[in-house]
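Work through the exercises below with the structure open. Each solution goes step by step.

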Amino acid sequence: MTDASVSRLQFWTLYLSRFAGGFGSIALIIVLPKIATDLGIDGVAFGLLYTAFTLAQTAAVVPIAWAGDRYDKRIVLLGTLAVGVATYGAFSVVTDNAGLLAVRAMQGIVFTGMGLMTLGLVGQLATRGTRASRIGRANAASFAASIVGGLSAGGLYDYFDGSRELFLIITGLYVITFLATALLLSADETRVEGFPFTDLALNRRILTLTSFRAQYSVAVTLVRNWIPVFAGYAAASGGLAMPAFAVSVITVSEKFTNMLLQPYTGRLSDASGRALFVFAGGGAYGLVAVVVPFTPALGEALGLPSTLPFLGAVSAAFLPLLLLNAGLGIADSFREPASMALFADEGSDGDGVASSFGIRELVWRPGSVIGPVAAGWLMGTVGMEWVFFVGGGFAVLGALTFLGVLRRYHGASALTEW
């Protein structure tokens, strides 16, 4: 099957699935603290709501990826969507800590399954020459959901004075996505025997990508999570103490530029060499990140206003921080579709594209778990600015390691030929 022979409706169906998954995820991030407060959940019990999600995601990667490669990815995606309908429906009626913990874990499984199957199918349906472009569009749909959900979930919670109606909206979106997938997406006829993780884990290209990704996961976890912390945290603790809406605008700027550019940068990387885009995007991300702590000084030096219409008192750092976070989105838009396409390339020739994405997901996990702990320690001992210095350093070091491994094991031309 060629890319040209695949109905556009099939790709758009997968983009809709990416949107549904992203919308449900960001909505929970925003309203989960309010739900926990309403149910009287705090302390360790509250922390477990995040741990359950992460552990369920990690545990689901291998079995779901294996099932997608061994059987019909469309059926696995439909099953995941059906579980998603039940999960978000359950969120609207849960009444205690045990119930919330259970559905939160189920949400982790749903989010992982949808991510692996949609990316696996997009990577499989697209040709090698259009793969990064198609993946970029799929990621843009997910970022669009994060923006729409990030700006609307809290408002819907306040408007309805609770989360029940919000979860019914998400459940309805999942039902629509299920029906569209069932009616418009063709059956997946590829079958991979055995356990493809074994061979792919020793794949030389995947090992080369891992040399970058394992370090980059620490960088992104530190920087992406601590931009809103830096913007909104108390000034006495090293933050800028901006209003909540100003923090939301800053946070969304990274997703907005990423959403706009990924379809375009994906197409460029298809034509110009994906490894080059991974190296350049990763290195640029680190260089931008280390400038973040200097935004208050930049704002003061440029005489920027510390009060803005609709936002209130934001500090002179607001505009520099907004632009830098948008710059992080631009840098990552070069890296992400190219990286995903490289992983898909290794699994799309019959080796197991879902398992290839599964390995990509697993490589990210250690850094994403260690990162927040490290950031908290840095913030409490040497200052919040070191979160960005260390995060930026990991990104630059990861890019340089990737370049060195490329040249050592694949030749100097691999940077533009991959």
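**Exercise 1.** Where does helix α1 bend, and by about how many degrees? Compare the span of α1 with the expected one.

Solution. In this predicted model, the bend in α1 is at V31 and amounts to about 45°. Next, look for a proline: P33 follows within four residues. For the span, start from the 31 residues of α1. At 1.5 Å a residue, 45 Å is expected. The distance from the first C-alpha to the last is 44 Å, which is close to that value. Finally, go past the end of the helix: G40 follows α1 and has a positive phi, near 75°.

**Exercise 2.** How are α1 and helix α6 oriented where they pack?

Solution. Take α1 as residues 8-38 and α6 as residues 164-184. Their axes are 10 Å apart and the packing angle is about 160°. Angles over 145 degrees count as roughly antiparallel, so α1 is roughly antiparallel to α6. The crossing of α1 with α6 is left-handed. Sorting the residues of this contact gives 16 nonpolar, seven polar and no charged.

**Exercise 3.** Which residues make up the contact of helix α5 with helix α9, by class, and at what angle do the axes cross?

Solution. Begin with the geometry: α5 (residues 131-160) and α9 (residues 244-272) have axes that come within 7 Å and cross at roughly 170°. By the same cut-off of 145 degrees, α5 is therefore roughly antiparallel to α9. The residues of the contact are eleven nonpolar, eight polar and five charged.

**Exercise 4.** Check the spans of α9 and helix α13, then locate the kink in each helix.

Solution. For α9, 29 residues at 1.5 Å a residue should span 42 Å; the end C-alpha atoms lie 41 Å apart, so the values agree. α9 has a kink of about 45° at L261, shortly before the proline P263. Just after α9 comes G273, with a positive phi of about 110°.

For α13 (residues 353-381), the 29 residues should also span 42 Å, and the end C-alpha atoms are 43 Å apart, which agrees. The kink in α13 is about 30°, at G371, and the proline P372 comes shortly after. Just after α13, G383 has a positive phi of about 115°.

**Exercise 5.** Which element has the lowest mean pLDDT, and which the highest?

Solution. Start with the whole protein chain: its mean pLDDT is 88, and 98% of the residues reach 70 or more. Among the elements, helix α7 (residues 196-201) has the lowest mean, 77, and helix α10 (residues 274-289) the highest, 96.

Notes. Residues numbered from 1 in each chain as written. Predicted model: local features only at pLDDT ≥ 70, side-chain atom pairs only at ≥ 80, totals over all residues. Heavy atoms only, no water. Axes fitted to C-alpha atoms, helices over the stretch in contact; angles between N-to-C directions. Helix = DSSP H or I, 4+ residues; strand = E, 2+ residues; numbered from the N terminus. Parallel < 35°, antiparallel > 145°, perpendicular 65-115°, else oblique. Left-handed = near helix turned anticlockwise from the far one by under 90°. Nonpolar A, V, L, I, M, F, W, Y, C, P; charged D, E, K, R; others polar. Expected span 1.5 Å × (residues − 1). Bend = angle between axes of the 7 residues up to and from the residue. pLDDT = per-residue confidence, 0-100.
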